[in-house]
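Q: Could we go through this model together? I should like to begin with the overall picture and then turn to particular elements.

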Amino acid sequence: MDKILILDFGSQYTQLIGRRIREIGVYAEILPGEARVANMDLGGMKGIILSGSPFSSYEAGAPSPDPALYDLGIPLLGICYGIQRMTLDMGGRVERLSEREYGRKPVRVTQGDPLLEGVKPVFSSWMSHGDSIAEPAPGWEVFAASEGGIPAALRHAEKGLWGLQFHPEVSHCEGGSLILGNFALRICAARREWTMEAFLAAERNALRDRAGGCDVLLLISGGVDSTVAGALLLETLAKDKVHLLYIDTGLMRAAESEEVMKNLRALGARHLHMVEAEGEFLSRLAGVGEPEMKRKIIGDLFIEIQEREVARLGIPDALLVQGTLYTDLIESGKGVGSKAQVIKSHHNVRSPLVERKRAAGKVIEPLDRLYKDEVRALGRLLGLPESVVGRHPFPGPGLGVRILGEVTKESCDLLREADAIYIRELRERGLYDRIWQAFSVLLPLRSVGVAGDERKYGSVLALRAVVSEDGMTADVYPFEMADLLAISSAITNRVPGIGRVVYDVSSKPPATIEWE
């Protein structure tokens, strides 16, 4: 199969590059940025992309690619840090900008080039860098620039090398997918051979090899990811070897447990187990307000209960299966390269107990190279109903990371009640399916208000609603003010404990979608 290799230097956008290439229909494979050419499988390799990085290319310890890459005769594209690294390696100069280029920035095309074929003469790019190319390396020329003449696109025609200072992989970049398509299809002449059907066939074979004849135990939340993982297991492995374990943490949304069990039974599982553990989770979280600590506590307790249930069920050698996604790994600093940064720790990734089991080869994560939209596509391919695959994402730690500060039974009940009204209002107004993710956050604040003729203090609730394709970037959903006012009124009128409602208008980046 034709493929594009992506070298990861620690950028949180690296996996987005792979996703965009796969969207085009070309297989993408990701390796650490410092991988040696001698150790690469070059079969079917049509092109190579060098990712961005949180490092400055000129600082000590910054990652660098194998110099042998430049002599392979395969088209190379450097993105942000990638082109800066190529510039330094080939004799150019990179310097710190006096003012960082960040966010949407106009780029003007100054010369024609197949990489930007079909792109507007002036288009809106997505920038995220504090360094810039002060002097291109010998043989390189600039064919697009941002404000002030800062190089935005460069090429070395003789060697077949290209570079972009902006991020075409980010959905905010106008024409970004077209640019990556030009590189993969026009410049590299790669064939479109990647489909979800191809992934499913390959993953089924990998699952059979990995599981062998062992029992497997899936910690299932009932959300899209774990439900799709469960369907994949049940369609691939012998049903009597697949155990689905649902742990009711007390951190779920209103009526969540009943809906989860109904959906899991519909999968045809022979071994479906449920554990009531609200008391354990709330006791362990008592007095804890630090977000990363809450995530670790929840993750560890999940595994403790899982191990306890494994012993009770008599399946001590069962392999643990998780519905971990690409985005979970990236944000938890588990990207392919050794320079990945931690945005936030996902409990199913960085929990010490999970890490130990993963290191021991006791964890299977069949979705760990997919994004949310790809998981939905896989779910549809597996025959899951739209009511399941179309659900908004829900974090593994549940309400534990939507209650800022200490988590208590009272705060969970308050947030559950308010959030149920919010989601019901969205459905009744026909807005739910237009929004990628919507939820409420209970803030550790009390605000004065008036109830009837009385002065009263109530809790503050933040509403969040975003539109996104993959969860790596997101824009705020632009509510009509009349809808927002009506939703706020419905919550404050029906939930006595909520005295004030605010709407979060932060995009990702710089914010994340979840607050913790």
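The exchange below moves from the whole chain to a sheet and then to a helix.

Q: Before that, what kind of model is this, and how are residues numbered?
A: It is a predicted model, in which local features need pLDDT of at least 70 and side-chain atom pairs count only at pLDDT 80 or more, while totals for chains, interfaces and linings use all residues. Residues are numbered from 1 along each chain as its sequence is written, and side-chain values use heavy atoms, with hydrogens and water left out.

Q: How many helices and strands are there?
A: The protein chain has 15 helices and 18 strands. These are DSSP runs numbered from the N terminus, with helices being H or I of at least four residues and strands E of at least two.

Q: What about burial: what percentage of the residues is buried?
A: Of the 516 residues in the protein chain, 59% are buried, meaning under 20% relative accessible area with a 1.4 Å probe, counting protein chains only.

Q: And what are the spans along the principal axes?
A: The C-alpha trace of the protein chain spans about 70 × 65 × 40 Å.

Q: Turning to the open sheet, what is its strand order?
A: Five strands are arranged as 12-11-10-13-14, with parallel pairing; two strands pair if DSSP finds at least two bridges between them.

Q: Which strands are at the edges?
A: Strand 12 (271-276) and strand 14 (363-364) each have a single partner strand, so one side of each is left without a neighbour in the sheet.

Q: How many bridges join strand 10 to strand 13?
A: Three bridges link strand 10 (residues 216-219) with strand 13 (residues 319-321). Val216 stands opposite Leu319 in strand 13.

Q: Now helix 1: is it largely enclosed or not, and why?
A: Helix 1 (residues 14-24) is largely enclosed by the rest of the structure, because ten of its eleven residues are buried. Among them are Leu16, Ile17 and Arg19.

Q: What follows helix 1?
A: Gly25 does, with a positive phi near 105°.

Q: At what angle do helix 1 and helix 3 cross?
A: The axes of helix 1 and helix 3 (residues 176-187) cross at roughly 70° and come within 10 Å. Axes are lines fitted to C-alpha atoms, for helices over the stretch in contact, and angles run from 0 to 180 degrees between N-to-C directions.

Q: Which residues meet there?
A: Arg20, Ile21, Glu23 and Ile24 in helix 1 are in contact (heavy atoms within 4.5 Å) with Ser177, Leu180, Gly181, Ala184 and Leu185 in helix 3.

Notes:
Buried means under 20% relative accessible area, exposed over 50%, partly exposed in between (1.4 Å probe, protein chains only).
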